[in-house]
Amino acid sequence: AAAVPATAAPAPAPTAHPAAVPAGWAVYRNPTWKYSVAYPPGWYQPPADQAMFHYFSNENVSQHGRMSSAGIDLVVHASATCLGLGGGDSEFAPLVSSAKIDVAGQPVTRYFTQFKPPVGSVGGWNADAAVQVGGTCLDIGYFAYSRSVAESLLPTFDLMVASIRPA
């Protein structure tokens, strides 16, 4: 009897986002930089002035950075190389904490820092992470004026970072 050629089993369909992303979240897809990120219901997307940036806020603001003391300004910056945001422990951004986040099997470090600008500028709190998606590096971070607001939104930020996938 002739041998029957082996056939490969069909590959499983890719999952758009991990099960850890809460139900009801929306997904933003960037066709230029080929990534997607999930974000919570009720969040807004202020207009961006360049394709490499995309903004999110928990407040309905006319442009990024215009939030109140209860808001955050979250930016995703796409480029060919990582800028190395975060890390802390500098004169102007001492490290408060860090955490490891799994992004599609890739370990990513999230940094939480206090922003202490030179005299005359407004300080606040930052969360930052850098994620490699194919040939694109996403530097994702947020700024808040209030430590309590910034800390309360760290779990949301971590879920957003964990949801990043190629689009």
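These questions and answers walk through a predicted model.

User: In the open sheet of 6 strands, which strands stand at the edges?
Analyst: This sheet has the order 3-4-8-7-6-5, with antiparallel pairing. An edge strand pairs on one side only. The edge strands are strand 3 (53-57) and strand 5 (95-103).

User: By how many degrees are neighbouring strands of this 6-stranded sheet turned against each other on average?
Analyst: The sheet is open and its pairing is antiparallel. With direction ignored, the average turn between neighbouring strands is 20 degrees.

User: Which residue in strand 4 stands opposite Ser-57?
Analyst: Strand 3 and strand 4 (residues 72-79) run antiparallel and pair over 5 bridges. Ser-57 lies opposite a strand 4 residue, and that residue is Asp-73.

User: Is Asp-73 buried or exposed?
Analyst: Asp-73 sits in strand 4. The cut-off for buried is under 20% relative accessible area. Asp-73 has 12% relative accessibility, so the residue counts as buried.

User: Which residues does Asp-73 contact beyond its neighbours within four places in sequence?
Analyst: One group of partners is Tyr-55 and Phe-56. Another includes His-64, Gly-65 and Met-67. The list is completed by Gly-141, Tyr-142 and Phe-143.

User: What separates the C-alpha atoms of Asp-73 and Gln-63?
Analyst: Along the chain, Asp-73 and Gln-63 are 10 residues apart. Their C-alpha atoms are separated by 9.5 Å.

User: Why is one side of strand 1 and of strand 9 left without a neighbour in the sheet?
Analyst: These strands belong to an open sheet of 3 strands, with antiparallel pairing and the order 1-2-9. Strand 1 (26-30) and strand 9 (165-166) stand at its edges. One side of each is left without a neighbour because each has a single partner strand.

User: Which residue is the bridge partner of Asn-30 in strand 2?
Analyst: Strand 1 and strand 2 (residues 35-39) run antiparallel, joined by 5 bridges. Val-27 has Ala-38 as its bridge partner in strand 2. For Asn-30, the strand 2 partner is Tyr-35.

User: Which residue takes a positive phi in the hairpin of strand 1 and strand 2?
Analyst: This hairpin has 4 residues between the strands. The phi in question is near 60 degrees, and the residue is Lys-34.

User: Why is helix 2 largely enclosed by the rest of the structure?
Analyst: Helix 2 covers residues 154-162. Its buried residues are Leu-154, Thr-156, Phe-157, Asp-158, Met-160, Val-161 and Ala-162. The helix is largely enclosed because 7 of its 9 residues are buried.

User: How many residues apart are Asp-158 and Arg-110, which link distant parts of the chain?
Analyst: Asp-158 and Arg-110 form a salt bridge, with closest N and O atoms 2.9 Å apart. Both Asp-158 and Arg-110 are buried. Asp-158 lies in helix 2 and Arg-110 in strand 6 (residues 106-115). Along the chain they are 48 residues apart.

User: With which residue does Glu-151 form a salt bridge?
Analyst: The count of salt bridges comes to 2. Glu-151 and its partner are 4 residues apart in helix 1 (residues 147-152), separated by about one helical turn. The closest N and O atoms are 2.9 Å apart, and the partner is Arg-147.

User: How does Arg-147 count at 37% relative accessibility?
Analyst: Buried means under 20% and exposed over 50%, with partly exposed in between. Glu-151, at 35%, counts as partly exposed. Arg-147, at 37%, counts as partly exposed.

Terms used:
Residues are numbered from 1 along each chain as its sequence is written. This is a predicted model: local features need pLDDT of at least 70, side-chain atom pairs count only at pLDDT 80 or more; totals for chains, interfaces and linings use all residues. Side-chain values use heavy atoms; hydrogens and water are left out. Two strands pair if DSSP finds at least two bridges between them. Helices (H or I, at least four residues) and strands (E, at least two) are DSSP runs, numbered from the N terminus. Axes are lines fitted to C-alpha atoms, for helices over the stretch in contact, and angles run from 0 to 180 degrees between N-to-C directions. Buried means under 20% relative accessible area, exposed over 50%, partly exposed in between (1.4 Å probe, protein chains only). Contact means heavy atoms within 4.5 Å. A salt bridge is a side-chain nitrogen of Lys or Arg within 4 Å of a carboxyl oxygen of Asp or Glu.
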